[in-house]
Amino acid sequence: MADFTDLHLEFNTNSQASPTWTPVTGAGKTTRFLDRSDAGLAVASADWPRMTRPNSVGGVDYIYAYTADAVGLGVLGSGGDPTSWDNAKYNQARWKWDNTGTFASTPVFTAYVSSAHAAISRGTGGLINGHTTDTGSPARSYLKGNAWGRVTSAGAPAAAPGADSGIANGISGSVSPSAGANWLAAYQSLQGDNDYITAPFTPAATTADSWPIMVRLHTGPNMNSGDHTPVFTFKYTFA
Amino acid sequence: MKHIPDQHAMNKFSKGESFWRALYSDRPAIYEWDCDWILLPKKGLKQLHLMCPNGRVGVIASQSEMAGRIFQFKIAEMNSRSGRRLEAQVIGIEKGVGDGDCVCWSWEHQISESIFFPGSKPTIEAIRALISLEKTDPELWVVSSFATSQRDEAEGWTIGIIRQARLVGPFEDNVKPGEFKYGGPATSTLAIDNISIPVGAK
């Protein structure tokens, strides 16, 4: 039961109807969020524009998939600038793996403050930590995720999650979509080992496949200012 | 006595990784690189070892038949920024039949916080000094430090992630029918506690 040669996160940089999956995992690759669609597709990370902290809670509507420091594409942007968040555009992202490995258990999808994966304190105002005034109590992450109940080869999503992401969404511990053609009924907070999503399946051995997911970033007046550089993480086991 | 094949062992140890070794009463030892875990002959197995880079060895032994009771797996993660890495390797054995109680050893990585340097980019000597400072526990084994850096908004530098590991065990856990819920011991450095292992890992 070997490990995988290739396992990565990828976003759709074309359209809902005709996805083009762009890998964003690894050195130099980043997923960037902004409240504007015109940030540009050749912006070095050090020059990434700031957004003003809002007076009320809201969404950060645009996602950019950067494959190098100054080489990017807009998510669901048909090769250009990103389009605004739309829960109906469910071909947004997925975890993908090759046929060299074998999972020994159900994988887990979550996010951390940094790649150090330190334990996360709720409510300190960080993007992943959340703040009770903005993201509910106990404080949930500003970053939410949804996941499909089966691998793509068993049937890709044909409909969107039933409910849009809400800033207070989240359940402590693990949640799983019902196995089969199902999204999570409600988006889950992505907060390290506090709140996360566990797949309801163990993918088939040595079979290339993918797991459809969706991600949505919220913000609010109590989010800390400064740079936020969290990481999406996929946890898995192999023997 | 068969010596550990140096090249394979060094390949593992140089990456800070452990490996398993199976000892039999009636055949030569089998090492992790010799065969797939699920193909490992379990009949006649007397001991299962977890060989660690710091020289320590976790041992699972039993006077009774081990087939159908031992398990082994690795915990890994794919991180959207730094890529894939191994978090732990676990070996274990069910103590009885049916109740799920088991004994385990694990080689567990722990990752320190990133270190922020205000001002100019630090020298490699400064980074090395920090790595040695971080190693405060003699049981901890420095696995690696990433020399990648990124410039912070405030014109400082965030350098490196120091990875260390240690052998943890023996500790007790419980194997539910059909799955393994990894709780880990109090000294565990693993952040995750909900790894489910199907019988296929046994």
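**Close-up 1. Strand 14 of chain A pairs with strand 5 of chain B in the antiparallel sense.** In this predicted model, six bridges connect strand 14, which covers residues 231–238 of chain A, with strand 5 of chain B. Where the two strands meet, A:Tyr236 stands opposite B:Ala76, a residue of strand 5 of chain B.

**Close-up 2. Strand 5 and strand 6 of chain B form a hairpin.** Three residues lie between these two strands of chain B, which run antiparallel and are joined by ten bridges, strand 6 being made up of residues 83–94. Within this pairing, B:Phe73 has B:Val90 in strand 6 of chain B as its bridge partner.

**Close-up 3. Strand 5 of chain B is mostly covered.** The strand consists of residues 70–79, and ten of its ten residues are buried. B:Ile70, B:Gln72, B:Lys74, B:Ala76 and B:Met78 point one way from the strand, whereas B:Phe71, B:Phe73, B:Ile75, B:Glu77 and B:Asn79 point the other way, and all of them are buried. The residues named in the two preceding views therefore fall on opposite sides of the strand, B:Ala76 pointing one way and B:Phe73 the other.

**Close-up 4. A:Arg50 lies in a loop of chain A.** The loop runs between strand 3 (30–34) and strand 4 (58–60) of chain A. A:Arg50 counts as exposed because 10 other C-beta atoms lie within 10 Å, the cut-off for an exposed residue being 12 or fewer. Although A:Arg50 and A:Gly226 are 176 residues apart in sequence, their C-alpha atoms are 8.7 Å apart in space.

Note on methods:
Residues numbered from 1 in each chain as written. Chains lettered and ligands numbered in written order. Predicted model: local features only at pLDDT ≥ 70, side-chain atom pairs only at ≥ 80, totals over all residues. Buried ≥ 20, exposed ≤ 12 C-beta atoms within 10 Å, placed from the backbone. Helix = DSSP H or I, 4+ residues; strand = E, 2+ residues; numbered from the N terminus. Pairing = 2+ DSSP bridges.
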